[in-house]
Amino acid sequence: MRRLLLVLLAAVVMIGAAGAAIGLRTGSGKIDATVTTTVTRDFGAESIGGEPKQDTHQGDTVMRALQRDYEVKTRYGGGFVQEIEGLSGGRENGRPVDWFYYVNGIEAPQGAAQRRISPGDQIWWDRHVWPAAQRIPAVVGSFPEPFLAGSGGRRIPVQLLCEGAGHSCSEVEGRLGDAAITSVSRSTVPLTGGQGKEVLRVIVGPWSQVRADPVARTIEEGPQSSGVYARFSSDGKRLDLLDELGQGVRTLHAGGGLIAATAQQDQQPTWVITGTDTVGVDAAAAALQIDRLKRHFALAVAAGRDVPVPTAAPGTGP
């Protein structure tokens with residue numbers, strides 16, 4: 001029964017559109033905000049469809065807008081999407097696979113037929129297997145969202161937490177500013193408690209210190225707990241990169257960095273910009289750029305090279 005409910009929930013979160021730029025229109029004119037919709041498969045590894053553009057009206061649902069441009073097959077009275085452009089959910093190589101969608105980098109809590117479009121929304125649909133993580137609450141590949149448009153048409157206050165990484169924290173603050181994210185509160189409060197429901201946190205520092213935060217620390221428990229396909233050792237000196245099944249395929253030691261996002265319950269996402277040491281944190285901070293994060297669920301940096309997370313096993317990916 002639980003598996004059926006999970007499949008139904010996953011199906012609600014389905015439907016896609018590839019790179020569609022949508023201008024929101026009110027009754028008397030166009031709002032100066034662009035809604036982009038991206039559709040991919042396999043954790044962003046491959047784009048699906050072209051890049052059509054269309055106008056949609058304020059109050060449109062994601063489902064209604066996307067069905068105008070894409071061939072979509074639904075189930076359960078039209079509330080769940082089974083197939084987009086001929087690519088369906090179900091099982092692949094014996095494993096469950098479905099469509100999931102994220103708005104401004106945050107997993108949508110309701111189906112596309114219920115979700116209303118807000119100005120500036122970036123909608124990302126991805127079809128992927130999910131035996132290793134039944135939920136991925138947040139992703140980094142829609143940066144600079146959710147820092148600009150926020151959630152539900154409302155900006156979220158941003159708190160920048162620095163843990164023993166003053167230079168890297170200043171780098172992150174500068175990168176946020178470069179992306180027009182200026183309303184940032186910088187803090188050095190101890191990471192001993194949870195975050196509020198109304199704050200989007202960015203924690204910067206080596207993992208040995210970042211792990212003091214209970215939300216960030218779920219990354220040590222693997223994707224089933226955090227939705228992040230990477231796992232630090234408790235001492236922070238080893239970073240294991242995992243494949244789509246949650247299996248370790250690569251291990252980073254000195255100089256390894258990671259940018260990832262996670263969340264718990266109904267709280268706003270926590271972004272972590274961290275590493276195995278200060279060199280790794282510096283590398284991760286420098287990677288906080290739109291072109292480097294685009295279409296990645298999370299991003300590791302190893303020896304100056306970007307490594308998408310989940311990570312393809314050697315010989316199986318680009």
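1. In what order do the three strands of the open sheet with β15 in it come? Before the answer, keep in mind that this is a predicted model. The order is β15-β16-β17, and the pairing is antiparallel. At the edges sit β15 (230-232) and β17 (248-252), each of which pairs on one side only. Going from one strand to the next, the twist averages 20°.

2. Let's zoom in on one pairing in that sheet. β15 meets strand β16 (residues 239-242) over three bridges, in the antiparallel sense. If you want a pair of residues to click on, try Arg231, whose bridge partner in β16 is Asp240. As a bit of background, strands of a sheet pair through backbone hydrogen bonds, and they can do so either parallel or antiparallel.

3. There is another open sheet of three strands to look at, ordered β5-β6-β7 and again with antiparallel pairing. Here the edge strands are β5 (72-75) and β7 (87-88), each pairing on one side only. Four bridges link β5 with strand β6 (residues 80-84). Look for Lys73, which stands opposite Glu83 in β6.

4. Now for some parallel pairing. Why can we call strand β14 (residues 200-206) largely enclosed by the rest of the structure? Because seven of its seven residues are buried, where buried means under 20% relative accessible area. β14 has parallel partners too: five bridges join strand β12 (residues 158-162) to β14, and six bridges join β14 to strand β19 (residues 270-275). For β12, you can check Leu160, whose bridge partner in β14 is Val202. For β19, check Ile203, which has Val272 as its bridge partner.

5. Thr40 is worth a click as well. You'll find Thr40 in strand β2 (residues 30-41). Its relative accessibility is 0%, so Thr40 counts as buried. The side chain of Thr40 also makes a polar contact with the side chain of Asp126, at 2.4 Å.

6. What about empty space inside? The structure holds one cavity of 30 Å³ or more, and the largest cavity has a volume of about 50 Å³. Among the residues lining the largest cavity are Ile136, Val139, Tyr229, Phe297, Val309 and Pro310. The lining divides into ten nonpolar residues, one polar and no charged.

7. One of those lining residues, Pro310, turns up again in the backbone. The peptide bond from Val309 to Pro310 is cis, with omega near 5°, and Pro310 lies in the segment after β21 (305-309). A cis peptide bond also joins Phe143 and Pro144, where omega is about 20°. Pro144 belongs to the loop between β11 (122-129) and β12.

8. Last, have a look at two residues with a positive phi that are not glycines. Asn104 has a phi of about 55° and sits in the loop between β9 (95-103) and β10 (106-107). Ala180 has a phi of about 70° and sits in the loop between α3 (166-178) and β13 (184-187). Are they buried or exposed? Asn104 has 0% relative accessibility, so it counts as buried. Ala180, at 48% relative accessibility, counts as partly exposed.

Methods:
Residues are numbered from 1 along each chain as its sequence is written. This is a predicted model: local features need pLDDT of at least 70, side-chain atom pairs count only at pLDDT 80 or more; totals for chains, interfaces and linings use all residues. Side-chain values use heavy atoms; hydrogens and water are left out. Two strands pair if DSSP finds at least two bridges between them. Helices (H or I, at least four residues) and strands (E, at least two) are DSSP runs, numbered from the N terminus. Axes are lines fitted to C-alpha atoms, for helices over the stretch in contact, and angles run from 0 to 180 degrees between N-to-C directions. On a 1 Å grid over the protein atoms alone, a cavity is a set of points where a 1.4 Å probe fits but cannot get out, and a pocket is an open set with protein on both sides within 12 Å along at least five of seven lines; lining residues have an atom within 4 Å of a point. Grid points are joined across faces, edges and corners, and a volume is the space filled by probe spheres set on the points. Ala, Val, Leu, Ile, Met, Phe, Trp, Tyr, Cys and Pro count as nonpolar, Asp, Glu, Lys and Arg as charged, and the others, Gly among them, as polar. Buried means under 20% relative accessible area, exposed over 50%, partly exposed in between (1.4 Å probe, protein chains only). A polar contact is a pair of N or O atoms within 3.5 Å; within protein, one must be able to donate a hydrogen and the other to accept it, and residues adjacent in sequence count only if both atoms are side-chain atoms.
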